[in-house]
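Have the model open while you read this. We'll start where the two chains meet, then look at some salt bridges and a couple of single residues.

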Protein chains: 2
Amino acid sequence: MQKIVIIGAGAGGMAVASRAKRLNNSLNVTVLEKTNYASFALCGIPYYIGNIVKELDDLLFYPPEEFTKRGIDLKFGKEVTEVDVENKTLRFRDLKTGKEETISWDKLVLATGAKSKVSKIWPEINNAKNIFYITHLDSGEIIRNYALNLGKGKKAIIIGSGYVGLELIENLINLGLKVTVIEALNQILPRMLDPDLAGIVEDYLKTKGVEIIKNSPVESFEIQNNLAVKVKTSNGNFDGDMFVIGIGIEPNNDLAKQMKLNLGNSGGVIVNEKLLTNNPDVYAVGDVTEHKDLITGKYVWRPFAQIANKMGYIAGSNIGGMEAEFRGSVGTSALKAFDIIIARTGLSKAEAEKLGFKPIEASMNAGIRAHYIPGGENKIYLKIVADNKTGKLLGAQAIGPGESVFWRVNVIASLLTIKGTIWDLFNSDIGYQPTLSPAWDPLIIASRLLMRDLGEKPPSSL
Amino acid sequence: MQKIVIIGAGAGGMAVASRAKRLNNSLNVTVLEKTNYASFALCGIPYYIGNIVKELDDLLFYPPEEFTKRGIDLKFGKEVTEVDVENKTLRFRDLKTGKEETISWDKLVLATGAKSKVSKIWPEINNAKNIFYITHLDSGEIIRNYALNLGKGKKAIIIGSGYVGLELIENLINLGLKVTVIEALNQILPRMLDPDLAGIVEDYLKTKGVEIIKNSPVESFEIQNNLAVKVKTSNGNFDGDMFVIGIGIEPNNDLAKQMKLNLGNSGGVIVNEKLLTNNPDVYAVGDVTEHKDLITGKYVWRPFAQIANKMGYIAGSNIGGMEAEFRGSVGTSALKAFDIIIARTGLSKAEAEKLGFKPIEASMNAGIRAHYIPGGENKIYLKIVADNKTGKLLGAQAIGPGESVFWRVNVIASLLTIKGTIWDLFNSDIGYQPTLSPAWDPLIIASRLLMRDLGEKPPSSL
């Protein structure tokens with residue numbers, strides 16, 4: 001009976017376990033998890049903090065019993081301390097009893113996720129009861145309780161304006177706090193949006209009462225009686241009653257290093273289309289890995305749940321005996337801030353230039369519904385980038401009200417996945433219904449703008 | 001100076017005029033229109049009837065002056081009676097004065113749209129003041145006024161349960177009427193949805209107080225004192241205070257026939273990728289044409305505004321001197337009925353079978369948001385069809401709450417346009433954000449179901 005051991009019970013790890021066991025019930029599948037949760041959704045934590053999700057258990061995709069029912073041996077509170085790749089064994093410690101144990105494996109799956117490096121950057125935060133960062137489900141509970149106890153009108157400072165930082169804003173304001181965001185760079189969402197689009201989001205957030213401090217890398221925290229009172233930046237100091245750090249995660253690669261697996265620039269484990277590492281008996285999935293970007297062919301670190309899930313499923317299929325492949329991703333991400341949606345996929349124009357493309361860009365502000373439908377004044381800011389030589393789409397960014405903003409970007413993401421061109425976009429038969437879209441959808445208008453340079457049919461040289 | 005004459009000032013015709021003139025300002029562009037409207041949106045009429053759109057002029061994309069400003073000679077109230085393709089002239093009549101005139105042309109564009117054939121089917125409707133059908137913007141005004149004068153609680157009977165019929169329901173109910181829908185076949189939306197999905201929509205409409213009569217082809221109307229009192233069907237007679245016919249349109253091809261242009265099965269003019277007819281000096285765009293379906297390669301009639309717009313733009317480019325191509329469509333359409341969205345693209349499984357494919361289908365009812373987000377119980381009914389031999393996607397149908405239903409179908413439409421496969425769909429990097437989508441989007445779950453038969457990577461034989 002083949003022994004499969006999976007380290008880490010997040011969404012990716014549990015997807016491997018379930019899929020492999022379903023395809024081959026004779027497999028002996030063990031999952032070792034440090035915490036007491038399995039199959040959890042960290043992306044939901046901002047909404048748990050904001051009291052929109054009431055119970056922490058709601059964030060689990062399945063209750064742990066479900067996995068037992070599937071014949072998976074799921075062990076909580078176990079920390080793997082050492083992997084012996086020569087002898088195919090590993091050693092783990094029970095976090096309550098301290099007892100150590102060694103087990104053997106035939107195939108190993110690393111699903112150790114990401115970890116925070118903030119206490120390495122600012123060691124003083126270990127001495128403060130009111131500086132928080134999200135590492136696990138429990139973090140959500142601790143942050144919500146602290147915010148609720150503080151009471152209305154107190155000041156929360158969010159460090160970093162990435163996905164986590166921005167989604168925390170709305171939720172902390174929902175709890176009655178005043179919110180200040182501190183960003184090291186000269187725009188919010190620096191990895192997601194172009195500066196001009198980021199400026200539109202900044203203006204919007206200000207109308208919601210959010211204070212945004214840019215160009216202010218955090219240097220340290222001032223701590224008195226185990227409470228931070230101030231964050232010090234290169235650009236001034238800011239008082240607060242609680243501090244949430246929304247930056248500074250990295251692949252949780254300690255075991256990977258010890259196992260001498262090939263790592264990428266981010267420290268993530270390099271995996272191939274089967275999700276195998278350079279060790280043919282070791283798979284890796286989820287936030288601990290780097291995988292291929294489908295536009296550039298380069299390895300990237302993208303700690304996103306939808307990617308972890310797909311990786312887990314495909315690794316599970318390969319382990320379960322069905323050949324399967326995960327090609328990679330194009331970098332689609334989205335967030336909601338109050339009533340606007342922000343989404344992006346692929347490369348920005350500036351990123352494309354750095355990578356050696358000669359990009360062209362359509363940038364527009366267009367109606368998302370027929371002009372005569374009330375609410376039809378709702379507009380999307382949309383940018384689409386393409387390669388000037390081949391007409392291939394390279395990326396998109398969008399901001400606006402409602403789900404259609406997210407989905408227009410998803411249409412581009414799908415086309416990017418199969419190397420679609422601006423002519424493919426023009427000819428894409430996006431439906432039309434007055435309450436849902438204008439007869440000229442912004443996506444198609446963008447393709448027209450992009451065809452200005454390259455012509456309205458593919459050049460015969462292509 | 002080249003003379004371009006366009007017959008018909010709907011969205012397609014005016015798109016040709018604007019595009020050609022913009023690319024080559026030296027062109028002499030004349031548009032002849034029978035009515036007094038240009039650049040109108042018939043799709044908005046149900047919402048004008050329902051008083052959601054207040055003014056008829058709101059349904060115009062541009063006011064007529066805009067076209068004059070662009071240097072286009074737009075003539076209203078002119079009916080073209082004869083085209084002489086040998087001598088490149090045409091004859092038109094002023095509908096007010098009756099005066100006839102002949103002009104010459106170098107390139108002619110047929111944009112005559114669609115027409116209703118219902119008065120041919122049921123000639124008695126010409127004698128009834130309370131039987132309506134939508135042919136032009138004015139129809140909207142007449143229907144709304146009649147319904148408002150009838151008063152609340154009176155009974156409207158809608159003949160046909162296609163797009164127009166279904167979108168009228170909500171709007172007539174908004175005006176306070178009771179609504180009965182009469183459908184000849186054994187399901188509503190017979191050209192759009194599979195019977196099981198149609199059944200779900202029927203049950204939903206019943207909860208809104210709509211009466212649905214199926215299997216009842218209309219035979220005739222009983223008319224007393226210029227008012228219809230009853231519609232007679234093979235399955236019984238139904239009393240009503242007003243009757244709106246939502247079926248029975250066909251390509252408005254009288255001139256096309258006279259010009260001996262090649263017509264397809266529907267009577268639509270066959271056009272190529274440049275939008276040229278079999279006469280190298282005659283273009284045709286919009287609802288009067290048939291164009292290629294990108295899945296089957298067969299000519300189809302799809303009288304949809306987004307297609308007319310694209311055709312107009314591409315014909316205008318070709319006339320204006322820029323080579324351009326419209327590849328075709330895949331048959332994407334959508335409608336809104338109260339709070340649900342219904343959308344489809346491509347082929348149903350039954351249609352695919354009839355066309356000789358060996359289709360497989362994923363059919364599911366899945367959450368459209370993360371399960372823990374309130375409102376996350378909202379679910380989409382989704383079917384995706386693919387070819388069992390090649391793994392190519394063939395079509396999709398969906399019903400559910402909110403815009404994402406429409407956009408999920410649009411993602412499939414885009415993939416269909418470039419002959420994407422089930423593996424392309426699995427690898428499509430659809431973003432994830434808890435309030436917008438679940439970590440396993442229904443689209444990706446569907447791809448997993450489809451891969452069951454064909455494997456989780458493309459067979460090496462492909």
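## Where the chains meet

Between chain B and chain A there are 42 residue pairs in polar contact, both residues at pLDDT 80 or more. A polar contact here is a pair of N or O atoms within 3.5 Å; within protein, one must be able to donate a hydrogen and the other to accept it, and residues adjacent in sequence count only if both atoms are side-chain atoms. Keep in mind that this is a predicted model, where local features need pLDDT of at least 70, side-chain atom pairs count only at pLDDT 80 or more, and totals for chains, interfaces and linings use all residues. As for bookkeeping, residues are numbered from 1 along each chain as its sequence is written, chains are lettered from A and ligands numbered from 1 in the order in which they are written, and side-chain values use heavy atoms, with hydrogens and water left out.

Which elements of chain B supply at least two residues each to the side that touches chain A? They are α9 (305-320), β22 (333-337), α11 (403-417), α12 (422-427) and α13 (442-454). Helices (H or I, at least four residues) and strands (E, at least two) are DSSP runs, numbered from the N terminus. The biggest giver is α11(B), with 11 residues. By type, the residues on this side of chain B split into 40 nonpolar, 22 polar and 18 charged. For that split, Ala, Val, Leu, Ile, Met, Phe, Trp, Tyr, Cys and Pro count as nonpolar, Asp, Glu, Lys and Arg as charged, and the others, Gly among them, as polar.

In plain contact terms (heavy atoms within 4.5 Å), 80 residues of chain B meet 81 residues of chain A. Together the two chains bury about 7000 Å², 61% of it on carbon and sulfur atoms. Trp407(B), Asp429(B) and Glu456(B) supply 12% of the area that chain B buries against chain A, more than any other three residues. Buried area means the accessible area (1.4 Å probe) that two parts lose on being put together, summed over both.

## Salt bridges

A salt bridge is a side-chain nitrogen of Lys or Arg within 4 Å of a carboxyl oxygen of Asp or Glu. Over all chains the structure holds 52 of them, and eight run between chain B and chain A. Here are four examples.

| Lys | Acid partner | Closest N to O |
|---|---|---|
| Lys457(B) | Glu323(A) | 3.4 Å |
| Lys336(A) | Glu170(A) | 2.8 Å |
| Lys232(A) | Glu222(A) | 3.8 Å |
| Lys336(B) | Glu170(B) | 2.8 Å |

In chain A, Lys336(A) sits in strand β22 (residues 333-337) and Glu170(A) in helix α6 (residues 163-174), so their bridge ties together parts that are 166 residues apart in sequence. Are these two partners buried or exposed? Both Lys336(A) and Glu170(A) are buried, where buried means under 20% relative accessible area, exposed over 50%, and partly exposed in between (1.4 Å probe, protein chains only).

Chain B has a pair of its own, with Lys336(B) in strand β22 and Glu170(B) in helix α6 (residues 163-174), 166 residues apart. Lys336(B) is buried at 19% relative accessible area, and Glu170(B) is buried at 9%.

What about Lys232(A) and Glu222(A)? Lys232(A) lies in strand β14 (residues 227-233) and Glu222(A) in strand β13 (residues 218-224) of chain A, so this bridge ties together parts that are 10 residues apart in sequence. Lys232(A) is partly exposed at 29%, and Glu222(A) is partly exposed at 24%.

## Two residues up close

Glu202(B) belongs to helix α7 (residues 195-207) of chain B and is buried, with 4% relative accessibility. Its side chain makes a polar contact of 2.6 Å with the side chain of Lys214(B). Leaving aside neighbours within four places in sequence, Glu202(B) is in contact with Gln187(B), Ile188(B), Ile212(B) and Lys214(B).

Over in chain A, Thr289(A) falls in strand β20 (residues 289-292) and is buried at 2% relative accessible area. A polar atom of the Thr289(A) side chain lies 2.7 Å from the backbone oxygen of Gly286(A). Not counting residues up to four places away in sequence, Thr289(A) touches several others, including Val269(A), Trp301(A) and Met311(A).
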